[in-house]
Structures are given as C-alpha cells and as structure tokens.
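The exercises below are meant to be worked through with the sequence and the coordinates side by side. Each task is followed by a solution that proceeds step by step.

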Amino acid sequence: MKKIVLTGGGTAGHVTPNIALMPRLKEMGFEISYIGSYNGMEKELIEETGIPYYGIASGKLRRYFSWQNFSDPFRVQKGYHEAVALLKKLQPDIVFSKGGFVSVPVVGAARHLHIPVIIHESDMTPGLANKLSFSAATKICCNFPETLKTLPEGKAVLSGSPIRAELLHGSREEALKFTGLDGEKPVLMIVGGSLGAVAVNNAVRAALPQLLETFDIVHLCGKGKLDESLTGTPGYLQYEYISKEMADLFALADVVISRAGANAICELAALAIPNLLIPLSAAASRGDQILNARSFEKQGYSVVLEEEQVNSELLVSTVKDLYDNRQQYIDAMRSGSHSDGVRVITDLIAELCG
C-alpha cells in the first residue's frame, strides 16, 4: 500500500482541496495521513473525515511588523523538527501540500528526507508560504493559465482546482428542509470565506430591506460574526459556517455573493452559479483575490465589485442585474474548460510514486 501525507491549513481554502482528493486516493489504495497545526481550523475539518491527524508547531510569516515576528521563527523551527520525526514515523511515498504557513516546515522536512513533494497553488499569483516551498517541490500544480509563467520551469502543471465531488450532487429539496424556506423567492447566498468577511457582511446587512424584496437570503458570515439583532428576520438566515449541508445550499442558490478566494470561485464555476465577487482589498492583502476575480470577469463567469466601491444601493442594483441576466453567466461557465482537478492531481501523485 502506498502512503501519502497531506498538509495545509490556516483557512478552509487550504484544507478543502485536500479533502476533495481523499475519496479517489482511497480508491487508488493510498494510506492517507494529515499534518497540520496543533489547533488550526484544519484539525477539526480533517478529524471529521476520519483521517489520522498530526499537529505540529506553526508560525506565521508576516509582511508587517509584529512582536510575534521575533518568536515565530522558533515555532517554525520546532515544527520542522516535529515534521521530520513524523515523516520518519509515517514513511510516506509522497507529500501533497495545499499551502498555508503550516505546510512550510512539512515540505522542508520532506526535502530533507528525499520524499517527493507536490504543491498546489490556487491563486493566480503564488502566496509567500508556497514560494518558500517551491525549491523543494517536485511538481507545482496551479488553477490559472496565467500562473504557469510565474512557476519554476519544468515543475509547473495546469491542474485546475480539486472540487469536492459531493458539491456536484446537492439537493434543493434537502436545502429547503434545512433552511425552512418555502422556495417561492429566488435565493441569494453570501459566502464570506471560512473566516468571514466583515465588509461584505456589513454591506449585505445594510442592504437587507431592499434585497429581501426580491430574494430569500442565506448568509454564511463567519465564526463570531452573527448579528443577533437580525435573528428571526423573515427570509434571512445566517450561519457562522456550513460544512455537510454546503452542497444542498449551493443547489438552492440562484445567485451567490462571494469573496474571490481561488477555491471558492472555482467551485462556483464548476456549479455554474451566477456570482458577484467582492475580492479582499489590496490594502488588506497581497491583491491575489483581485487578480482571481478579474480573470473570472474576463471569462464572463462573474461580476466584480471592488470592496471600496460597495454601498447598499450599488450592491442591490448589481445583484438584481446579475439575477436578471443570470443565463449568460451560466452559459459562459458551462461552456468553459474546467479541468478535472482531482483526477489530474491524483494521476500525478500515482506517477511520482512509481
């Protein structure tokens, strides 16, 4: 039996693609283990799958001043030594990394032990954690054609994003039962990412009276970001985070407002759900979500509003226009070329394992 270690964490976007690979890896006979941080959100998500989970120390590589910048290198070093010990114990044939800072010591440990490594970069421009790991990688998979030119020559593979198979088989009827909605109005779903999105949450809530005239609303607002004053508002449902019901909620949604994390938007494209993207601003990030969103806008998959533009009036008019013209976005997404990311990546894993 071949063995694989998966790693990645910090946000759901660094975990769910790993989860998407698991069913086919099991079918192919792989024994799967996961290395993440001691208490990151990846721990709970992976333990729900029944896959053995191992925690290591993890630091964060910040681009801004913080006193933690002085202590985190020691945590990364500790994580590296823990990862070396774990890989010696688990003896994997290959390591697959989805990124996030916890992956850096794991990939470094794999290089030290001469274990092949595949990295997957979701965004159009590589993140810092992945950049630090590229020299140790055997192959680097990516979602966007534009990314290929930024990757080391001879290592790049255009794989697309691994999409969880269950997302393609959601039930609208089950979603109606879960939400208690009657299905008479079109449904607008807001997805702020696993950590939520305060600016998007605020804009939606400010526009709630106007939006509710046309839509029932399912709002995934992030942990700790519920607005208790809105609980019980007819047609408005808010949840911190949804896991197993997500496929059904996607089947229910007529329009989605989302951040522009690469995994999230690739799921929307695979499901052909008309979407308004509000990327994380360049002031609060390295600008990767803006590039992701503009690529999807150029392909006719999405409408994009910059976070700084958003106000309640513009949000309402944009969402209504998107809904009225939804078929053109559905057609564009259905006619687009979407790679079977799960198959491409798992075939590559099998090839590198010999």
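**Exercise 1. A pair within one helix**

By about how many helical turns are Glu297 and Arg294 separated in helix H11?

Solution. Bear in mind throughout that this is a predicted model. Begin with the positions: helix H11 covers residues 288-298, and because Glu297 and Arg294 are three residues apart in this helix, they are separated by about one helical turn. Next, examine the side chains, which meet in a salt bridge with an N to O distance of 2.7 Å. Finally, consider the surroundings: Glu297 is partly exposed, at 31% relative accessibility, and the value for Arg294 is likewise 31%, which also counts as partly exposed.

**Exercise 2. Extending the pair to a network**

Find the residues that are linked with Arg294 in a network of salt bridges.

Solution. Arg294 also meets the side chain of Glu306 in a salt bridge, here at 2.8 Å from N to O. This pair links distant parts of the chain, since Glu306 belongs to the loop between strand S13 (302-304) and helix H12 (312-324), whereas Arg294 belongs to helix H11, twelve residues apart. Glu306 has a relative accessibility of 18% and counts as buried, the cut-off for that class being under 20%. Putting the steps together, the network consists of Arg294, Glu297 and Glu306.

**Exercise 3. A salt bridge between two helices**

Which parts of the chain does the salt bridge between Arg24 and Asp347 tie together?

Solution. The search of the whole structure finds nine salt bridges, and one of them joins Arg24 to Asp347, with the closest N and O atoms 2.9 Å apart. Arg24 lies in helix H1 (residues 16-27) and Asp347 in helix H14 (residues 341-352), so the pair ties together parts that are 323 residues apart in sequence. As for accessibility, Arg24 counts as buried at 17%, while Asp347 is partly exposed at 37%.

**Exercise 4. Two cysteines without a bond**

Explain why Cys141 and Cys142 are not joined by a disulfide.

Solution. A disulfide is a covalent bond between the sulfur atoms of two cysteines. The closest cysteine sulfur to that of Cys141 is in Cys142, at 7.6 Å, which is too far for a bond, given that the cut-off is 2.5 Å. Looking from the other residue leads to the matching result, as the closest cysteine sulfur to Cys142 is that of Cys141, again at 7.6 Å. The structure accordingly holds zero disulfides. Both residues can then be placed by accessibility: Cys141 is buried at 0%, and Cys142 is buried with a relative accessible area of 0%.

**Exercise 5. A strand covered on both faces**

Describe the surroundings of strand S11, and follow the chain from S11 to S12.

Solution. In a regular strand the side chains alternate between the two faces of the sheet. In S11 (residues 255-258), Val255 and Ile257 lie on one side and Val256 and Ser258 on the other, and all of these are buried, so both faces are covered. Turning to the neighbours, S11 pairs with strand S8 (residues 187-191) in the parallel sense over four bridges, and Val191 stands opposite Ser258. S11 also runs parallel to strand S12 (residues 275-277), to which three bridges join it, and there the bridge partner of Ser258 is Leu277. From S11 the chain crosses through helix H10 (residues 262-271) to S12, in a β-α-β crossover that is right-handed.

**Exercise 6. Classifying aromatic pairs**

Decide whether the ring pairs Tyr34 with Tyr53 and Phe215 with Tyr323 are stacked or edge-to-face.

Solution. The structure holds five aromatic pairs. Tyr34 and Tyr53 have a centre-to-centre distance of 5.9 Å and 15° between their planes, and this pair is stacked. Tyr34 comes from strand S2 (residues 31-37) and Tyr53 from strand S3 (residues 53-56), 19 residues apart, and both are buried. The rings of Phe215 and Tyr323 have centres 5.6 Å apart and planes at 85°, so that pair is edge-to-face. Phe215 lies in the loop between helix H8 (208-214) and strand S9 (216-220) and Tyr323 in helix H12, so the pair ties together parts 108 residues apart in sequence. Phe215 and Tyr323 are buried. As a last step, note that the charged end of Arg326 sits over the ring of Tyr323, 4.0 Å from its centre.

Technical notes: Residues are numbered from 1 along each chain as its sequence is written. This is a predicted model: local features need pLDDT of at least 70, side-chain atom pairs count only at pLDDT 80 or more; totals for chains, interfaces and linings use all residues. Side-chain values use heavy atoms; hydrogens and water are left out. Buried means under 20% relative accessible area, exposed over 50%, partly exposed in between (1.4 Å probe, protein chains only). A salt bridge is a side-chain nitrogen of Lys or Arg within 4 Å of a carboxyl oxygen of Asp or Glu. Two strands pair if DSSP finds at least two bridges between them. A crossover is right-handed if, with the strands pointing away from the viewer, the path from the first strand over the helix to the second runs clockwise. Rings of Phe, Tyr and Trp (its six-membered ring) pair if their centres lie within 6.5 Å; planes under 30 degrees apart count as stacked, over 60 as edge-to-face and the rest as tilted. A charge sits over a ring if NZ of Lys or CZ of Arg is within 6 Å of the ring centre and within 35 degrees of the ring normal.
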